[in-house]
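Colleague: I have a few labels I want justified. Take me through them, please.

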Amino acid sequence: MNIFEKIINREIPATIVYEDEDTIAFMDMGPIIKGHTLVIPKTCCNLITDPPDDVVCKLMIVAKRIAAAQMKTLEADGVNIMQNNGKAAGQEVPHLHIHVIPRFKNDGHQWNWAAKSYDSSTEMEAFAEKIREGLIT
Ligand code: AMP
């Protein structure tokens, strides 16, 4: 059982800010910015590609509500919504979760968003075509 399942089952403590029959949102214990909240489904799944669409929809709706609350009552100037899938993408806890991170002007945090480039428009088109293929099947 992973750590988030233990939170769902109340086997370990968490600071919960929202809960319904499908979803729990709680404070991330290692916040990127204070107020950083995690939204997880109660159903057992790892990657965003695992559960049925309705589970993902419900998660995103709760993430939207948390983001709105962060802007309203934490007075955040912006919000990052992030979601990691797989170790290669930085996922540490193998239970689907959405990070909702309040952002403030001059909060000092910077993502290491190192943009690359394609060798050519042909190369970009080849990647696009592979993705289109994946959408069909
Ligand atoms: P990720 O790297 O996307 O898997 O993110 C996992 C997140 O879970 C990290 O931001 C951790 O700080 C957070 N985390 C891990 N264990 C706990 C816990 N017991 N309570 C709250 N947050 C946790």
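Colleague: What makes H99 a polar contact of the ligand?

Modeller: A polar side-chain atom of H99 lies 2.8 Å from an oxygen atom of the ligand. A polar contact is a pair of N or O atoms within 3.5 Å; within protein, one must be able to donate a hydrogen and the other to accept it, and residues adjacent in sequence count only if both atoms are side-chain atoms. At 2.8 Å, the H99 pair is a polar contact. H97 also has a polar side-chain atom 2.7 Å from an oxygen atom of the ligand. E92 uses a backbone N or O atom, 2.6 Å from a ligand oxygen atom. The protein covers 85% of the 500 Å² of accessible area that the ligand has on its own. That area comes from the Shrake-Rupley method with a 1.4 Å probe; for residues, only the protein chains shown count as cover.

Colleague: Which residues come nearest to the ligand?

Modeller: D28, G90, E92, H97 and H99, of the 16 residues around the ligand. A residue is near a molecule or strand if one of its heavy atoms lies within 4 Å of it.

Colleague: What are these values based on?

Modeller: This is a predicted model: local features need pLDDT of at least 70, side-chain atom pairs count only at pLDDT 80 or more, and totals for chains, interfaces and linings use all residues. Residues are numbered from 1 along each chain as its sequence is written, and side-chain values use heavy atoms, with hydrogens and water left out.

Colleague: Why is Q91 called buried?

Modeller: Because its relative accessible area is 7%. Buried means under 20%, exposed over 50%, and partly exposed in between (1.4 Å probe, protein chains only). So Q91 is buried. Q91 sits in the loop between β4 (78-82) and β5 (98-103). Strands are DSSP runs (E, at least two residues) and helices likewise (H or I, at least four), numbered from the N terminus.

Colleague: What does the side chain of Q91 reach?

Modeller: The backbone oxygen of V93, at 2.9 Å. A polar atom of the Q91 side chain also lies 2.6 Å from the backbone nitrogen of G86. Leaving aside neighbours within four places in sequence, Q91 is in contact (heavy atoms within 4.5 Å) with N46, L47, N84, N85, G86 and H97.

Colleague: Why is I32 called partly exposed?

Modeller: Because its relative accessible area is 37%, I32 falls in the partly exposed range. I32 is in the loop between β2 (23-27) and β3 (37-41).

Colleague: Which residues make the nonpolar surface patch?

Modeller: I32, W111 and W113, over about 380 Å². Patches are made of residues with over 30% relative accessible area and no salt bridge (a side-chain nitrogen of Lys or Arg within 4 Å of a carboxyl oxygen of Asp or Glu). Like charges are joined within 9 Å, nonpolar side chains (Val, Leu, Ile, Met, Phe, Trp, Tyr) within 5 Å. At 37%, I32 passes the area cut-off.

Colleague: Why is A115 called exposed?

Modeller: Because its relative accessible area is 69%, A115 is over the 50% limit. A115 is in the loop between β5 and α3 (121-136).

Colleague: What sets E75 apart in its backbone?

Modeller: E75 has a positive phi of about 60° and is not a glycine. Most residues other than glycine have a negative phi. E75 lies in the loop between α2 (53-73) and β4. With a relative accessible area of 60%, E75 is exposed. N106 also has a positive phi of about 60° and is not a glycine. N106 is exposed too, at 82% relative accessibility.
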